[in-house]
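Visitor: Please take a close look at one helix pair with me, and then follow the chain onward from there.

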Amino acid sequence: VSSNSLEQIRALPRPFSRVREINSLGRGLQNMSNRLSDIMQNLEQKVAQRTSHLLNENETLMEQSTTDELTGLYNRRGFNLLSEQALRRAQEQALSFSMVLCDIDHFKYVNDTQGHSVGDHALVAVANVLKEHFRPDDICVRYGGEEFMLIMVGMTQSDVMERLQKVRSTLTDYAGLPDITLTLSFGMTYLDGPFQKSLEELIQDVDAKLYRAKNEGRDRIVS
């Protein structure tokens, strides 16, 4: 039954016919159309409510699947989903693109001597400091273990360096972990103007620079 046919039934004249039986049938059809119309309207409302509920559930599941449970940063899955979008936006709009890979220095020693609970607090502390010093639309990721990845689009190189230096100084004076001193090593790549680098190339570049920072004494930025 379509909505149009129900409207046509409700529009039948009253009385429908001088013949009593036919007129009674017409009234019955009109009553039936009214009930069907109410049922269809309720059904549409229920479908709309269920659709909205499913959309909210899907958004929640997507957020959970792309978020690191401990730190609240994006996880590796979130990085995979967002990094290509950020790189494409920078290339299409001719914006600068910054990628930073950082690693907590001597993290294994912290776990071994202070316990994994303190190690978890250290990870959360680093995550909070990174979120504090970067913009809400920058991509902050717990890349794996004690490694963190940052992606910034449309930020100057001097601004990136200034923010990283503030992260270093904040961690050095961090009061939440009085028994240990947290330091980070950073590998950074910065691209400005038209560029055709792939995401894989950029990851390899920051990874190599982080390796250099580790070998050169840690607690430093290599760009």
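Crossing helices

Guide: H3 and H7 are roughly perpendicular to each other, because that term covers angles of 65 to 115 degrees (under 35 is roughly parallel, over 145 roughly antiparallel, the rest oblique). This is a predicted model, in which local features need pLDDT of at least 70, side-chain atom pairs count only at 80 or more, and totals for chains, interfaces and linings use all residues. Residues are numbered from 1 along each chain as its sequence is written, and side-chain values use heavy atoms, without hydrogens and water.

Back to our pair: helix H3 spans residues 76-92, helix H7 spans residues 199-215, and the two pack at about 105 degrees with axes 11 Å apart. The axes are lines fitted to C-alpha atoms over the stretch in contact, with angles from 0 to 180 degrees between N-to-C directions. Helices (H or I, at least four residues) and strands (E, at least two) are DSSP runs, numbered from the N terminus. On the H3 side you will find Phe79, Ser83, Glu84 and Leu87, which meet Leu199, Glu200, Leu202 and Ile203 of H7 (contact means heavy atoms within 4.5 Å). Sorted by class, this contact of H3 with H7 has five nonpolar residues, one polar and two charged (Ala, Val, Leu, Ile, Met, Phe, Trp, Tyr, Cys and Pro are nonpolar; Asp, Glu, Lys and Arg charged; the others, Gly among them, polar).

Now follow the chain out of H3. The loop between H3 and strand S1 (97-104) holds alanine 94, whose phi is near 55 degrees, a positive value in a residue other than glycine. Most residues other than glycine have a negative phi. Histidine 106 sits in the loop between S1 and helix H4 (107-114), and its phi is likewise positive, near 55 degrees.

That loop leads to another helix pair: H4 packs with helix H5 (residues 116-133) at about 140 degrees, their axes 6 Å apart. H4 is therefore oblique to H5. H4 brings Phe107, Val110, Asn111 and Gln114 to the contact, while H5 brings His116, Val118, Gly119, Ala122 and Leu123. Here the classes are five nonpolar, four polar and no charged residues.

A word on confidence: pLDDT, the predictor's confidence in each residue from 0 to 100, has a chain mean of 86, with 85% of residues at 70 or more. Confidence is lowest in helix H1 (residues 3-10), with a mean of 65, and highest in strand S3 (residues 147-153), at 98.
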